[in-house]
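Subject: A structure for you to look through

Hello,

Here is the structure I promised to pass on to you. Please open it next to this email and follow along as you read.

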Amino acid sequence: MDTIHWTVDKDNDLSKGYPQIAQAAALLAQNETVAFPTETVYGLGANAGSDEAVKKIYEAKGRPGDNPLIVHVADHNQALELVSDIPAYAMKIMSMFWPGALTVILPQKEGKLSSLVTAGLSTVAIRMPDHPIALALIKEAGVPIAAPSANLSGKPSPTEAAHVAMDLDGRIAGIVDGGATGVGVESTVLDCTKSIPVILRPGGVTQEQLEAVIGPVHVDQALSDETQAPKSPGMKYTHYAPNAPLTVVKGTRDFLQKLADEARSEGKKVGILTTSEYKEEFRAEEVLACGSILQLETVASSLYGVLRQFNQNAELDLIYSEAFPEKGVGQAIMNRLMKAAGHRVIEE
C-alpha cells in the first residue's frame, strides 16, 4: 500500500475548506485508515460505524481485538447520538473539558457503532479532541472516528508525523502531518457509568482538575490487573515500550547510578532516562533528558519522543528510568512508564 502524506498548517483557518483535509476525509468515508494529529498524540482513524474500516485499524497496528477503541467526535451532538444515557456530572465535565484530553465512558446506543470498536462491551469511550486539524477532519468525514494511537501495538505513541511513518508507512492509507502534538500523553479515561466516576487511565486532565468541578473521583486500583477484560484503551498489555528492556528505579540517583555501573561492569550497554536538571550527573552509554522535574508537563510532552530516541541506539542492552511524583500529570507519566517497563521496578 502506498501511504499518502499531507502537510496541514494547524494555524490556518480550516473552516473555509482545505484540500488536504478534504482528501483525507474522503478516504475515511471510503472506510480507509488515516493518521492525524490531536493535542495528545497522533491517532489512527477509521469510520467507527464500519466493521470493514475498524478491522483495518487492528490489522495495521497489530492490536489485540479485545482492546477497545476511543471514538472521536467533532461536537457534543455527535457524541449524544452514540450514547443511551448521560449522568449530570458527565455532562458537566464534558462542557468543562471538551474539546480536550478527556475521554468519557458511557452506555452505547445500539446500532450506531461497529462492535469491533467496543470489543463487545455495552459501553463506548468518546472524546472531542482539542486540535483544529482533528476537528476539521472529523467534521468533513461526517462520521465519528475510531482512533487509537497511530503506532505499532506496544510501541511508544507518536507525537510527530515522522513517528507515525516509522511504524505505519505502507500499512495505512494516509498521514496528515500537522506538526508536533502538545500534551504528549493520551487522554484521561473516565468511567461515567457509576455514581462516582472512576479514572481508568490517567492522562492529560488530572484527578485534581476533575474533582474541582464534580467532587470525588476514584482511581481504578486494578490498572495493572491483566486478567480483567479492559474497559478502557491502554488498560491491557505492555504499551509504549522501547526496544531495550526498561526498568523504573524508585530510589536516589546514586542508587540508579550504582545499578547502571553494575550492569556496565558486566559488559552491558545502559541507557538512563532522567530530566534536564540531572542529565550531567549520570554516566552511561546513553543519557537522555525528558523535560524538567520542575515542570512535569514537559516530561509528559517529551516522554514518547525520548523512548523512541533510545531506539536509535541499537546497542543498548537495558534502560533505567527515574521515577516521578505521582501527583497531577505525574500520575499519567508513571502509568505510561510502568506500562513501558512491563511493570519492572527496582526499589532502593
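Before we start, one definition will help: two strands pair if DSSP finds at least two bridges between them. Please also keep in mind that this is a predicted model.

**The sheet**

Let's begin with the strands. Strands of a sheet pair through backbone hydrogen bonds, either parallel or antiparallel. Here, eleven strands make up an open sheet with mixed pairing, and their order is β1-β8-β2-β3-β7-β4-β6-β5-β9-β10-β11. At the edges are β1 (4-7) and β11 (218-219), each of which pairs on one side only. Helix α4 (residues 88-97) packs on this sheet, where α4 touches β5 (102-107) and β9 (188-191). The direction of α4 makes about 155 degrees with that of β5.

**A look at β2**

Now find β2 (34-37). What are its partners? β2 runs antiparallel to β3, and four bridges join them; β2 runs parallel to β8, with two bridges between them. You can check one pair on each side: F36 has G43 as its bridge partner in β3, and V34 has G174 as its bridge partner in β8. The strands β2 and β3 also form a hairpin, with four residues between them.

In a regular strand the side chains alternate between the two faces of the sheet. You can see this kind of pattern in β2: V34 and F36 point one way, while A35 and P37 point the other way. These residues of β2 are all buried.

**Two helices with a buried face**

Next, turn to helix α7 (residues 161-168), whose buried residues are A161, H163, V164, D167 and L168. Viewed down the axis of α7, these buried residues fall within an arc of 155 degrees, so they line one face of the helix. They pack against several elements, including β2, β3 (42-47) and β8 (174-177), as well as α2 (51-61) and α10 (296-310). After α7 comes G170, with a positive phi near 90 degrees.

Helix α8 (residues 207-214) can be read in a similar manner. Its buried residues are Q207, L210, V213 and I214. Down the axis of α8 they fall within an arc of 130 degrees, so they too line one face of the helix. Among the elements that cover them are α4, β5, β9, β10 (198-201), β11 and α11 (330-340). G215 follows α8, and its phi is positive, near 85 degrees.

**A pair of packed helices**

Two packed helices are described by the angle between their axes and the distance between the axes. For α1 (residues 19-29) and α6 (residues 132-141), the angle is about 55 degrees and the axes are 8 Å apart. The two helices are therefore oblique to each other, and α1 passes α6 in a right-handed crossing. At their contact, I21, A22, A24, A25 and L28 of α1 meet I133, A136, L137, E140 and A141 of α6.

**One residue in a loop**

Finally, look at T275, in the loop between β13 (270-274) and β14 (286-289). Is T275 buried or exposed? Its relative accessible area is 1%, so T275 is buried, since the cut-off for buried is under 20%. Leaving out residues up to four places away in sequence, T275 touches A289, C290, G291, S292, I293, V299, E322 and F324.

Enjoy exploring, and write back with any questions!

Best wishes

How values were computed
Residues are numbered from 1 along each chain as its sequence is written. This is a predicted model: local features need pLDDT of at least 70, side-chain atom pairs count only at pLDDT 80 or more; totals for chains, interfaces and linings use all residues. Side-chain values use heavy atoms; hydrogens and water are left out. Buried means under 20% relative accessible area, exposed over 50%, partly exposed in between (1.4 Å probe, protein chains only). Contact means heavy atoms within 4.5 Å. The arc is that of the directions from the helix axis to the C-beta atoms. Axes are lines fitted to C-alpha atoms, for helices over the stretch in contact, and angles run from 0 to 180 degrees between N-to-C directions. Angles under 35 degrees count as roughly parallel, over 145 as roughly antiparallel, 65 to 115 as roughly perpendicular and the rest as oblique. A crossing is left-handed if the near helix is turned anticlockwise from the far one by less than a right angle, and right-handed if clockwise.
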